[in-house]
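Reader: I am new to this structure. Please show it to me, and then I will ask about the terms.

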Amino acid sequence: MGSGDASERTAVGWAARDAGGHLSPYSYTLRNTGPEDVVVKVLYCGICHTDIHQAKNHLGMSRYPMVPGHEVVGEVSEVGVEVTKFTAGDIVGVGLIVGCCRQCHPCTSSNEQYCSKKIWSYNDVYTDGKPTQGGFSSAMVVDQKFVVRIPAGMSPEQAAPLLCAGVTVYSPLKRFGLATPGLHGGILGLGGVGHMGVMIAKAMGHHVTVISSSDKKRGEAMDHLAADGYLVSSDASAMAAVLG
Ligand SMILES: [Zn+2]
Ligand SMILES: [Zn+2]
């Protein structure tokens with residue numbers, strides 16, 4: 001379809017209908033491609049724990065039907081007339097934010113996540129008044145500002161969790177000057193974000209110790225993720241030995 005096509009696209013997603021935690025198929029329309037919009041055919045989407053919180057209304061702000069998903073990797077199928085960064089066939093990613101005011105101090109200093117008018121990928125309302133729906137879906141229409149290129153050679157299914165969990169640890173390490181090799185650091189908890197922290201800090205050349213509440217994840221940390229050390233936080237003498 002060309003960008004001038006007047007018919008709206010139908011997407012099929014997996015939607016939560018209430019706080020029960022079950023997702024079921026849901027058809028909805030996507031907006032027509034605006035000048036700066038990119039149509040993304042979803043290939044993979046990670047599951048972040050926030051998706052579960054939102055689907056089950058743990059934050060008390062859920063709107064249903066809700067299609068979660070904010071670690072999205074897909075293929076560009078169409079671009080608006082003013083899109084310069086992408087062309088059809090590109091492999092791209094979409095994260096947690098799909099809109100912002102573009103004028104406030106956070107927006108003009110590459111801190112759009114602090115914009116008071118930012119728009120979440122789902123469980124929010126877009127500028128056209130329609131609900132936003134996320135990546136547990138066949139397709140999304142996203143402003144090019146909030147679309148990132150996935151480098152060639154990176155497997156799309158492994159790239160997907162980088163769009164939230166990965167960037168959550170990568171961004172502060174870069175911004176606070178902790179990307180220079182040779183530091184000693186601890187990762188508290190080996191969950192969705194923590195395991196990314198181990199891999200990214202190792203890739204930056206750091207000495208990485210996993211700190212966990214039990215011995216349960218020692219094998220995963222040491223053998224699978226190649227951490228340099230493992231500490232059980234309830235072991236007072238082991239913790240005292242590394243004090244400072
Ligand atoms: Zn997330
Ligand atoms: Zn703003």
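Author: What follows is a short exchange about the two zinc ions. This is a predicted model, where local features need pLDDT of at least 70, side-chain atom pairs count only at pLDDT 80 or more, and totals for chains, interfaces and linings use all residues. Residues are numbered from 1 along each chain as its sequence is written, chains are lettered from A and ligands numbered from 1 in the order in which they are written, and side-chain values use heavy atoms, without hydrogens and water.

Reader: What makes C101, C104, C107 and C115 donors of the zinc ion (ligand 2)?

Author: Distance. Donors are N, O and S atoms within 2.8 Å of the metal (3.2 Å for Na, K and Ca); water is not among the atoms, so sites may look incomplete. The SG atoms of these residues lie 2.2 to 2.4 Å from the ion, so they count.

Reader: Why is the arrangement around the zinc ion (ligand 2) called tetrahedral?

Author: Four donors count as tetrahedral if all angles lie between 85 and 135 degrees. Here the angles are 103 to 117°, so the term applies.

Reader: Why is C101 called partly exposed?

Author: Buried means under 20% relative accessible area, exposed over 50%, partly exposed in between (1.4 Å probe, protein chains only). C101 has 24%, so it counts as partly exposed. C115 has 1% and is buried.

Reader: Which residues coordinate the zinc ion (ligand 1)?

Author: C48 (SG), H70 (NE2) and C164 (SG) do, at 2.0 to 2.2 Å. Their spacing in sequence is C-x21-H-x93-C. Both H70 and C164 are buried.

Notes: Four donors count as tetrahedral if all angles lie between 85 and 135 degrees; four count as square planar and six as octahedral if opposite donors are over 155 degrees apart and all others between 65 and 115; anything else is irregular.
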